[in-house]
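Work through these exercises with the model open. Each task is followed by a solution in steps.

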Amino acid sequence: MRKSKHIVIALIVALAVPLASELQLVDFDKKIAVADQMGEEDDFIAIALNPGSDETELNFTWYDRIGEEGAVYMAEKTDDAAKLDETGFPKDGVLVGEAVTEPLKYTGSKSNNYIDYQINKATVKGLKANTEYIYRVQNGDVYSETYEFEVKGTIPEWSFYFATDPQLNNASGENAAAIGRWISSVDKITEVNPDASMMVIAGDLAHNGGGEESEYIDGFLAPERLKSLALGTTVGNHDQHTTGIVYAEHFNQPNQTDIGSYMDTPGDYWYTYNNALFINLTSSVRNNITSALTHVDDHVAFIKEAIEKNPDTDWRIIIFHEALFSGGWHATEESTRTMRNTLVPLLDEIDVDYGIDLVLNGHEHYYSRTYLMQGLNALSTEGAPAEVTDPDGIYYITGNTASGVLYNDPVSIDYDYMAVHEQQYTPNISNIDISTTPYETSLRIVTYRTAEGNGYTGTEGSMSVVDDFTIKKTTEFKKMGAEKTVADETTGIKVKVPNVFSQDEVKVSANIITSGDEFNKLSGAASVDAEMKDYKHYSTVYDVNTTWCGKDMDFTDNAEVFIPMPKVKEVPNVAKYALYSLSDAGYVVKEKATLTTKDGVQGFVINTKKTGTYAVAVAGEKLSKPDAPIVQDVPDEKVLIKKIKADKKKVILKVKKKHKLNIKITPKNATVKKLKYTSSNKKVAKVSKKGVITALKKGKSIITVQTTDGSKKKIKITVKVKR
């Protein structure tokens, strides 16, 4: 896609370089020198942070009046004076983002105070989670003050803020008071939750955005806290007044396009943060509905492309300015109705095929939350539950103004799509927490009043809750990150498992049932190795278990277990041992092992295959007569399944219809042919133990078919249910 001619994405250099005490050059290609003098207060203004393509990147924009090449320097924070250079900046681990620097394009009469400045855009890569950084910008040999930024939170717990419509200008009177309320909103949500490093804003950052530089510089960017927050901004209709160049020059969003561009504003963009995908649309509805409608198909294609590029994200959140479901008078406008009837059914189709969880809007200056929507229809209008699990549809949430600059009154219509709506005449701001386990992920959005407001008649007061709503989704077991080893301190058992969020959520234990007893005293043994029948035996029975996040799970990989054999000294010339699984009758593993000692006890280190109860029999010097009964001969070798294949990868059904899956197993002589069938969304389609799918309601579900013989083969079939 063609990039907007008004937005130039910075060429990035991400380096980890030590800064020598004599301030050597750090960018060997461009020869940008480390600045050696601090600038004046007004040399650097309008510093704004935006998300990068993911949580490891951060985009920067700033104005400077030095007039030379620019760069961002960012380093892990340290209080060790020995690790600071003579300017007070860390020497080591510095990340450098070289800026694209150019003169401001807009120099109209309302920007006279800034025409001597140039604009800089840069990206820094390589950020690490839960790490405190300091950064500063520079142009030429002059650098700015130092600011802090922390990449806070990662899976399984992280959060962000949501605000909309500060709609600020720098005039006197009420609008100046609105700037104060905007600063207060940002400060107060930080007090409620200091552990967020990103804010999503659904548009109208300024009031007369086109040409009103001060509305962004002295208005929207006034909160000092914003210099430590990545701002996922949205183009609002007020940001398009006269021209959108001013908005474009203040923000540097990732994966930017010109889709939806109007009055020279930038278009759609997307980014990921941890396990969420944010898709931001430029939807010029009220200013020019004709223009807006020409971009609808491109918006739809852009959303699909963003999801396809990020298929493993748990949450898909779409943000655009003009609310299509709201509680104020904008809901009745012809332009809103037209866009609602055009765009919402298309979003529903995307939801069925790909999944959309939440749409965040602004524009109305009136807080509202819809019922669960499928297209233009609310699925249920009975009550407004504060928590839902596995919803099949989209929730639309519209924020009230975060500065209290203007409140729209409700209109007299049937709000049949609205679960929560009320004009309380108070500024609003929201905190959104995302919590994930291997089996469930949840998104909780809590919206607060940040001031009482002139028209407020309630008694709850500032920072009381307007709305508290949680969406939960069950997921298949999620394997997060690299493999690690978990050990049980008591028994010493070690298990290799995939990284599941935190060490504390993986538990492993082992219990010795018998130790060193003669084999013929062992009760419940499933089999005896026939080759060992003439040997003297001693055995230990071990019960091994793992628990992941509250559920018993088989080992994904081998478990290394030390089997103590205290009486092994009585078995001369140890030759071999047999490992018996008592929890899986007939299963025998024969291994060779070296006798070892742990804590003064002789034994063996073996590899079990999964959770269960095991008997280990040690064979020593050959005897003339066996002293242990033969329970049964060694069973035939188990033939594992090598491949399973379905006749269809995608099944389309109407509600109440059924379909029997036809699964081919290779090889045909596999010992265990039983298959396990599961549905990712049982409300849409269920599947029986024999692979019969029953369609229940419109939506999409993934049917997983997997083997039960230990071969760990599985396939997935997509089921789409239509009315």
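**Exercise 1.** Find the residue in β18 that is the bridge partner of Asn-280.

Solution. This is a predicted model. Start at Asn-280 and look across to β18: the bridge partner there is Ile-319. Next, place the two residues in their strands. Strand β17 covers residues 276-280, and strand β18 covers residues 315-322. Last, take the sense of the pairing. β17 and β18 run parallel, joined over five bridges.

**Exercise 2.** Place β17 and β18 in their sheet, and name the edge strands.

Solution. Write down the strand order: β16-β17-β18-β19-β24-β20-β25. That gives seven strands in an open sheet, and the pairing is mixed. Now go to the edges. β16 (269-273) and β25 (418-421) each pair on one side only, so they are the edge strands by the pairing rule of at least two bridges. Finish with the twist, which averages 15° from one strand to the next.

**Exercise 3.** Which strands does helix α5 lie across, and at what angle does α5 run to β17?

Solution. Locate α5 at residues 296-309. Then trace the strands under study: α5 lies across β16, β17 and β18. Finally, compare directions. The helix runs at about 160° to β17.

**Exercise 4.** Describe the protein chain as a whole by its helices and strands, burial, contacts and surface.

Solution. Begin with the elements: six helices and 48 strands. Turn to burial. Of the 723 residues, 55% are buried, with under 20% relative accessible area as the cut-off. Then take contacts with a separation of 6 or more: 72% of them join residues 24 or more positions apart. End with the accessible surface, about 30,700 Å². Carbon and sulfur atoms account for 47% of that surface.

Conventions
Residues are numbered from 1 along each chain as its sequence is written. This is a predicted model: local features need pLDDT of at least 70, side-chain atom pairs count only at pLDDT 80 or more; totals for chains, interfaces and linings use all residues. Side-chain values use heavy atoms; hydrogens and water are left out. Helices (H or I, at least four residues) and strands (E, at least two) are DSSP runs, numbered from the N terminus. Axes are lines fitted to C-alpha atoms, for helices over the stretch in contact, and angles run from 0 to 180 degrees between N-to-C directions. Contact means heavy atoms within 4.5 Å. Buried means under 20% relative accessible area, exposed over 50%, partly exposed in between (1.4 Å probe, protein chains only). Accessible areas come from the Shrake-Rupley method with a 1.4 Å probe; for residues, only the protein chains shown count as cover.
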